[in-house]
Amino acid sequence: MSTTHLPRRFCAMLAAACGLLGSASAHAAESAAIIPPPALDQPAHASMPQKAVLAGGCFWGVQAVFQHVKGVTRAVSGYAGGQADTANYDAVSSGRSGHAEAVEITYDPAQVSYGQLLQIYFSVAHDPTQLNRQGPDSGPQYRSAVFPANDDQREVAKAYIAQLNKAGAYSRPLATAIEPLRAFYPAEDYHQDYLVRHPYSMYIMVNDIPKIENLARMFPDRYRDKPVLVAPQPGKS
């Protein structure tokens, strides 16, 4: 086990202990935000698959959320915002690489729009009002950031952030940054499908399982029970 895993897991154990003492507080930390859909969106149409790159804290949970969204055909954990030579977990965990832990989402725009993905991202995948942190994890690598693939995505994201701030959808302004997408670098294999492979990890149970539950509850028409995985699981079809 690499020592770079210890801080995240140690924080998760502390969070779980706090949850045993006050389950209401732990649940409140994972409450989903009820927000309106974006007023500006890309129209649904049959076309080639599109990609979206989003960062919102630990990529384990963000990946897991979008693996359960209808119309998503692939969701890969990785790194965005820095250079190729620092696109590895050790460097990114230092907080000095410029990268954010991010997820590259491949989706069918005829089934789910970019704006609908953003609504899920802002509502259940993470807390967009937190600056350089999510839950027990802190540092710029855990920042809230959208990496648009094109001008249309940039305009939708920019307009939606402004819409949510103007409507007072949250008690604080959004900390989400819109950053240029220079490249996306897939993370190491052991980070892929992490929630599926480690469902009883303390960190996953405390921080990420509630995100999936919130997705199913708040977006039942968008939710699918069987996740789309990066790697097939042995013994599962």
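**Aromatic pairs: worked exercises**

Trp-60, Tyr-194 and Tyr-203 form one aromatic cluster. Keep in mind that this is a predicted model.

**Exercise 1.** Start with the overall picture: how many helices and strands does the protein chain have, and what percentage of its residues count as buried?

*Solution.* Going by secondary structure, you get eight helices and eight strands in the protein chain. Next, burial: 47% of the 237 residues count as buried.

**Exercise 2.** Classify the ring pair of Phe-59 and Tyr-79: stacked, edge-to-face or tilted?

*Solution.* The structure holds five aromatic pairs, so there's some choice here under the 6.5 Å limit on ring centres. For this one, the centres of Phe-59 and Tyr-79 sit 5.8 Å apart and the planes meet at 50°, so call it tilted. Now place the partners: Phe-59 belongs to helix H3 (residues 59-67) and Tyr-79 to strand S2 (residues 72-80), 20 residues apart, and the pair links distant parts of the chain. Last step: both Phe-59 and Tyr-79 are buried.

**Exercise 3.** Now do Trp-60 and Tyr-194: what kind of pair do their rings make, and which parts does the pair tie together?

*Solution.* Geometry first: with ring centres 3.7 Å apart and planes at 0°, the Trp-60 and Tyr-194 pair is stacked, because planes under 30 degrees apart count that way. Then the sequence: Trp-60 is in helix H3 and Tyr-194 in helix H7 (residues 194-197), so the pair ties together parts 134 residues apart.

**Exercise 4.** Are Trp-60 and Tyr-194 buried or exposed?

*Solution.* The cut-off for buried is under 20% relative accessible area. Trp-60 has 1% relative accessibility, so it counts as buried. Tyr-194 has 3%, so Tyr-194 counts as buried too.

Definitions and conventions. Residues numbered from 1 in each chain as written. Predicted model: local features only at pLDDT ≥ 70, side-chain atom pairs only at ≥ 80, totals over all residues. Heavy atoms only, no water. Helix = DSSP H or I, 4+ residues; strand = E, 2+ residues; numbered from the N terminus. Buried < 20%, exposed > 50% of the residue type's maximum accessible area, 1.4 Å probe, protein only. Phe/Tyr/Trp six-rings, centres within 6.5 Å; stacked < 30°, edge-to-face > 60°.
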